[in-house]
Amino acid sequence: CFFLFAWEQRKLGEVAEITMGQSPNSANYTNNPSDHILVQGNADMRNGYVHPRVWTTQVTKTAKKRALIISVRAPVGDVGKTEYNVVLGRGVAAIQGNEFIFQLLSKMKINGYWEKLSTGSTFESINSNDLKDASISLPSLPEQTAIGDFFSALDRSIALHQRELENLKNRKKSLLQKMFPKNGESVPKIRFPEFKTAPAWEQRKLGEILGYEQPTKYIVNSTDYSDDYEIPVLTAGQSFILGYTNEKDGIKDATSASPVIIFDDFTTSSHFVDFPFKVKSSAMKLLYKTSTEDNFYFLYHILKQVKYNPENHERHWISKFSLFDVLIPDTAEQTAIGDFFSTLDRSIALHQRE
C-alpha cells in the first residue's frame, strides 16, 4: 500500500485535546487501590504505560482510559498510555490522540524537542502553550493508522522480550542463591539429581585454583576503536573498556574460558572476555593453573560472589585475592553448574540483543 499525499504541518493543539494536570493536596494521597489513581510524572509510567503507584481521594484534573500521558516537568517529554481513568498531577498532561500521535510524541522525546523548549530555565518544564503550539507533521488518517499499527506491533514485540528478559534474570538470581551454599553451609539447597548424594562442597583457596597476570601500564592510544587502534585495554570500574591501543607485544588471545576479574578498592566484578585484550590499572587477568581441572564458568560465578568487607580487608585487598576461601564441589558438578548457567546466560544475551 502506497500513500502519495504530502504530510501536513499542524500544531498539536489543533489535532488533539490537551489537559494540563493539577496536583491534589498531598494530605489526600493514599496507597488504597480503591481510591483514584494519581499520575504525577514519569515515575508513574513504565515501558510506555501508566503503572499505578499512588492513589488520591481528591479529584482535580482527570484523563480517561486510553489517553496519552506526557510528563511536563523534569524529565520532560516521557510519554505513556493509560489503561485506567486517572487523576493528573501538575507534573503531567493528558493528550487525546491516536497511536500515531503516541509514536510521534515518543519520537519528539528521542529527538530532544522538549529539552530545546526548556533550555535556559532553572527547572526543566513545559507549559500548556508549549504543548498546544508544538509543530508536528501529519499524514492522511489512513497513513496515520498504518504507521501507528506498525510501531504498536513493534512495541508489543519489545515488551515481550523485556518481560522474558526480566523473568530470565530473576530466575538466574534465584538459582544462584539456591545452587551455591549459603554462608556457613557446605551443601547448596538445590543440586542436580545425579549429585544428590555427592559429598559436601570442599573449601579451597583461590590461589590453589587460579594464577594471574599482573596489570601493566599499557598506553591507551585512543578512546575510540579503529583499524589502527584495535586492542581493547580493560580496567576497573563500570566502563570495563578504558580505551584502545596498537601495542601487540606479548598479547595472548583470550577465549571464552578466560575470565577477567575487574575490581577497585571497594567492589569486585568479573567478566568473560572472548577477544584479544590488554589489562591496565586495577584489572587482573585470571588464569587456570596447569594442574587444575576446575570449570572456569563455574568459578566465574564464584568470583562474582566475592565482595569487599571493610571489617575483614584493608585497602587494596584484592592484591591478596589468592587467600580468599571458596567452596567448590567436584569437577563433574562444577561442569554441570557451569554449563547450566552458561546456557542461561546465552538465553539472557539473546533476549538483550532482540
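## A walk through the predicted model

At the N-terminal end of helix H2, Asn98 acts as a cap, with a side-chain oxygen placed 3.2 Å from the backbone nitrogen of Phe100. This and everything that follows is read from a predicted model. Helix H2 itself covers residues 99–110, and its 12 residues reach 17 Å from the first C-alpha to the last, close to the 16 Å expected at 1.5 Å a residue. Its buried residues are Phe100, Ile101, Phe102, Gln103, Leu104, Leu105, Ser106 and Met108, and after the helix comes Gly112, whose phi is positive, near 75°.

Two of the buried residues of H2, Phe100 and Ile101, lead on to the interior, since they are included, along with Ala16 and Leu138, in a nonpolar core of 22 residues. Leu138 belongs to strand S13 (residues 135–138), where Leu138 and Ile136 form the covered face, while Ser135 and Ser137 form the uncovered one. Such a pattern fits a general rule, that in a regular strand the side chains alternate between the two faces of the sheet. Strand S13 is joined by four bridges to strand S1 (residues 8–11), and the two run antiparallel, with Glu8 standing opposite Leu138.

Helix H4 (residues 128–132) contains Lys132, which counts as partly exposed because its relative accessibility is 37%. Leaving aside residues up to four places away in sequence, Lys132 touches Lys11, Leu12, Gly13 and Ile18. Lys132 and Glu17 are 115 residues apart in sequence, yet their C-alpha atoms are 8.8 Å apart in space.

Another part of the model is an open sheet of five strands, arranged in the order S3-S7-S4-S11-S8 with mixed pairing. Strand S3 (29–30) and strand S8 (61–63) stand at its edges, and because each has a single partner strand, one side of each is left without a neighbour in the sheet. For S8 three bridges lead to strand S11 (residues 86–88), and these strands run antiparallel, with Lys61 standing opposite Leu88 in S11.

The largest nonpolar core has 24 residues, and those with the most contacts inside it are Phe180, Leu210, Phe298, Leu299, Ile337 and Phe341. Two or more residues are given to this core by each of helix H5 (141–179), helix H6 (206–209), helix H7 (296–304), strand S22 (325–328) and helix H8 (331–353). The largest share, seven residues, comes from H7. The core of 22 residues that includes Phe100 and Leu138 is separate from this one.

Helix H8 has 23 residues and reaches 32 Å from its first C-alpha to its last, close to the 33 Å expected at 1.5 Å a residue. Among its buried residues are Glu333, Ile337, Phe341, Leu344, Ile348 and His351. As a general point, an α-helix has 3.6 residues a turn, so residues three or four places apart point the same way. In the loop between strand S21 (283–288) and H7 lies Asn295, which counts as buried because its relative accessibility is 13%. The C-alpha atoms of Asn295 and Ala336 are separated by 9.0 Å, although these residues are 41 residues apart along the chain.

A last stop is Arg204, placed in strand S14 (residues 202–205). With a relative accessible area of 17%, Arg204 falls under the 20% limit and is therefore buried. Its side chain makes a polar contact, at 3.2 Å, with the side chain of Glu208.

Note on methods: Residues numbered from 1 in each chain as written. Predicted model: local features only at pLDDT ≥ 70, side-chain atom pairs only at ≥ 80, totals over all residues. Heavy atoms only, no water. Buried < 20%, exposed > 50% of the residue type's maximum accessible area, 1.4 Å probe, protein only. Pairing = 2+ DSSP bridges. Core = buried A, V, L, I, M, F, W, Y, C linked by side-chain atoms within 4.5 Å. Expected span 1.5 Å × (residues − 1). Polar contact = N/O pair within 3.5 Å; in protein donor to acceptor, adjacent residues only side chain to side chain. Contact = heavy atoms within 4.5 Å.
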